[in-house]
Amino acid sequence: MRIFDPHVHMTSRTTDDYRRMFEAGVRAVVEPAFWLGQPRTSVGSFTDYFDSLLGWEPYRASLYGIRHYCALALNPKEANDPRCRDVLNVLPRFLEKDNVVAVGEIGYDSVTPEEDTAFAAQLALAVEHGLPALVHTPHRDKEGGTRRTLDVVAESGIGPARVLVDHLNETTVEAVLESGCWLGFSIYPDTKMTADRLVGLLRRYGTERMIVNSAADWGHSDPLLTHATARAMLDAGFGADDVDQVMWRNPVEFYSQSGRLDLGAHQAPDQDFAGNSVRRGGS
Amino acid sequence: MVTTPMPHGAESVPWWVTDPSPRQVAGAAVSTPEALAGAEAGSGAGAAPPVTPEPVSPVAQPAAAPLPAPALRAAFAGHPGEPWLASVLDALPGEPALVGVLFAAAARRCGRGALPAVPGWCADEAARVLLLDALGLPEAGAVSLVREVYRFGDAAEKRAVLRALPLLPRFDAAVELLHDAVRTNDARLLAAAVGPAARALGQDMWRQAVLKCVFVGVPLLLVADLDHRADAVLERMLAGFVRERRAARRPVPQDAAALLRHLEDKSRPEEKN
């Protein structure tokens, strides 16, 4: 079983998680930029964070056999803070980087005018830089927020096939299905979505455009719930090919629209010098 | 243009390599790229995990000498990335501000494969080095632009800047970039910083960098001018490292042990009679 976790905040996770994820079949991840639990107060905090998502984190992942890509954006929560808004001005430079496969997470948190502005501006950046967009749907007023999200996406001119609308549940799935966007489900221990509930949704709506992630971060979450969901699919009678579609081919197809997902070019010519590239275990 | 001959070539085995067979610390084995290839073939679940107590580092190449830009340029003859490279190298001197975007795009436009004509170089790094070389700016301007490219670069771009430094005018003015690379724990950046560019590092920081190579797993084969620069202080530091490892019953990397033996032999008063 191979798993592509299309939304996981590895910055908040330990190397033990990388080991366990590899053992569970995770071979590639996308880490979208989000907030860190503690509000940031300057653009510099964001650029250091972006550097980490483009430098240290993919390096750390590679040591454990996992390919790490990222999505970059000003997240909806911090789009409301005037001290952070200038992140929009530095984003174009970062969106050109090889490891950036989407603009995200963008969308709504409290559905404010400031969030409207940042959301529309970043959908335009996605179009300009040829990137798909990963869209977060709000925790509060999810139905209203999701409807509004789909309206803004439709107005933006980005094709729905280039948009993944995330954190969906039973009440928002049909609207997103009709929109033509991809559907993201964050499997959490007991909140957003669970493996068993997701299996029910897959039975009802099929496996096309369906994408599963752990969205694991610094909160109560678990990066192995992608694997648990795959097991639940098999237990419920889905075939190995269905599992592969949902856990690997769907997210690969979505992010491949960036033109930057290069899972075959993982090996640089310098990666193994005379068999002597053994890491000796840090300091 | 720096044309210092290569101190330790890939083809010549240095004096301190006593065992020509691949050297690995016990317990470490599988490389990550193979693991990923297994995943793509759909066979990942059954494959042995690459996760080991001592993970594998995706480092790096031998301490290649700083090549003159013309040799790197010539290596692109017939390469699929050549037309793009030719056009941007022509345009860049007139519009140096484009370097940021072009630098970021270089791997996508030129690929990441090895350039057979210049061992130790792959297409993206060589193209990026040529972009910096093509700026042809007055010295002060070049230094500030190079700093900016490094500051906004991802890890691969930063590494290319480090490899370009010895080719650039007044590259010693960019010593802060080497310090930044030595501070990271990213073996790819450290490996580039201890290559030919390390001539700009002061001796104190250079010794720290060499020890850090031993700790994070950058083979000492990649350290440029090691034989000339290794001194009594480095010998003392290495001896301390070896004592610590032996006290902890942990393995001592073979290249570090060999270097220490060599330094001890050199510093021992000659025994005659």
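How much surface does chain B expose, and what share of it do carbon and sulfur atoms supply? I looked this up before anything else, keeping in mind that the model is predicted. Chain B exposes about 11,700 Å², and carbon and sulfur atoms supply 56% of that area.

**Chain B, overall**

I then went through the secondary structure of chain B and found 13 helices and 0 strands, so that I could write the order of elements from the N terminus as an unbroken run of α. Of the 273 residues in chain B, I noted that 55% are buried. I also looked up how the contacts are spread along the sequence: among those with a separation of 6 or more, residues 24 or more positions apart account for 69%.

**Helix H12 of chain B**

I turned next to helix H12 of chain B, which covers residues 232-247 and has 16 residues. From its first C-alpha to its last H12(B) reaches 22 Å, and I noted that this is close to the 22 Å expected at 1.5 Å a residue. Which residues of H12(B) are buried? I listed Leu234(B), Glu235(B), Met237(B), Leu238(B), Ala239(B), Gly240(B), Phe241(B), Val242(B) and Arg245(B), a set that includes the charged Glu235(B) and Arg245(B). When I asked what these buried residues pack against, I found helix H10 (203-216) and helix H13 (254-267) of chain B.

**Ala106 of chain B**

I picked out Ala106(B), which has its place in helix H4 of chain B, residues 99-110. Its relative accessible area is 0%, and since buried means under 20%, Ala106(B) counts as buried. Leaving aside neighbours within four places in sequence, I found Ala106(B) in contact with Trp84(B), Gly111(B), Ala127(B) and Arg128(B). I also looked up the separation between the C-alpha atoms of Ala106(B) and Ala173(B), which is 25 Å for two residues 67 apart along the chain.

**Chain A, overall**

For chain A I recorded 10 helices and 8 strands. How does the radius of gyration of chain A stand against that of a compact globule? For 283 residues a compact globule would have a radius near 19 Å, and the 18 Å of chain A agrees with this. Along its principal axes, the C-alpha trace of chain A spans about 55 × 50 × 35 Å. I noted that 61% of its 283 residues count as buried, and that 74% of the contacts between residues at least 6 apart in sequence join residues at least 24 apart. The accessible surface of chain A comes to about 9,800 Å², with 48% belonging to carbon and sulfur atoms. Counting charges, I found 28 positive and 40 negative side chains in chain A, with the centres of the two sets 3 Å apart.

**Helix H3 of chain A**

Is helix H3 of chain A, residues 56-63, largely enclosed or largely open? I found 7 of its 8 residues buried, so H3(A) is largely enclosed by the rest of the structure. The buried ones are Glu57(A), Pro58(A), Tyr59(A), Arg60(A), Ala61(A), Ser62(A) and Leu63(A). After H3(A) comes Gly65(A), for which I noted a positive phi, near 80 degrees.

**Thr226 of chain A**

My last entry concerns Thr226(A), which lies in helix H9 of chain A, residues 225-235. At 1% relative accessibility Thr226(A) counts as buried. Not counting residues up to four places away in sequence, I found that Thr226(A) touches Ile3(A), Asp5(A), Val26(A), Val212(A), Asn213(A), Ser214(A) and Met247(A).

Terms used
Residues are numbered from 1 along each chain as its sequence is written. Chains are lettered from A and ligands numbered from 1 in the order in which they are written. This is a predicted model: local features need pLDDT of at least 70, side-chain atom pairs count only at pLDDT 80 or more; totals for chains, interfaces and linings use all residues. Side-chain values use heavy atoms; hydrogens and water are left out. Helices (H or I, at least four residues) and strands (E, at least two) are DSSP runs, numbered from the N terminus. The radius of gyration is taken over C-alpha atoms; the globule rule is 2.2 Å times the number of residues to the power 0.38. Buried means under 20% relative accessible area, exposed over 50%, partly exposed in between (1.4 Å probe, protein chains only). Contact means heavy atoms within 4.5 Å. Accessible areas come from the Shrake-Rupley method with a 1.4 Å probe; for residues, only the protein chains shown count as cover. The place of a charge is taken as NZ of Lys, CZ of Arg, CG of Asp or CD of Glu. The expected span of a helix is 1.5 Å times one less than its number of residues.
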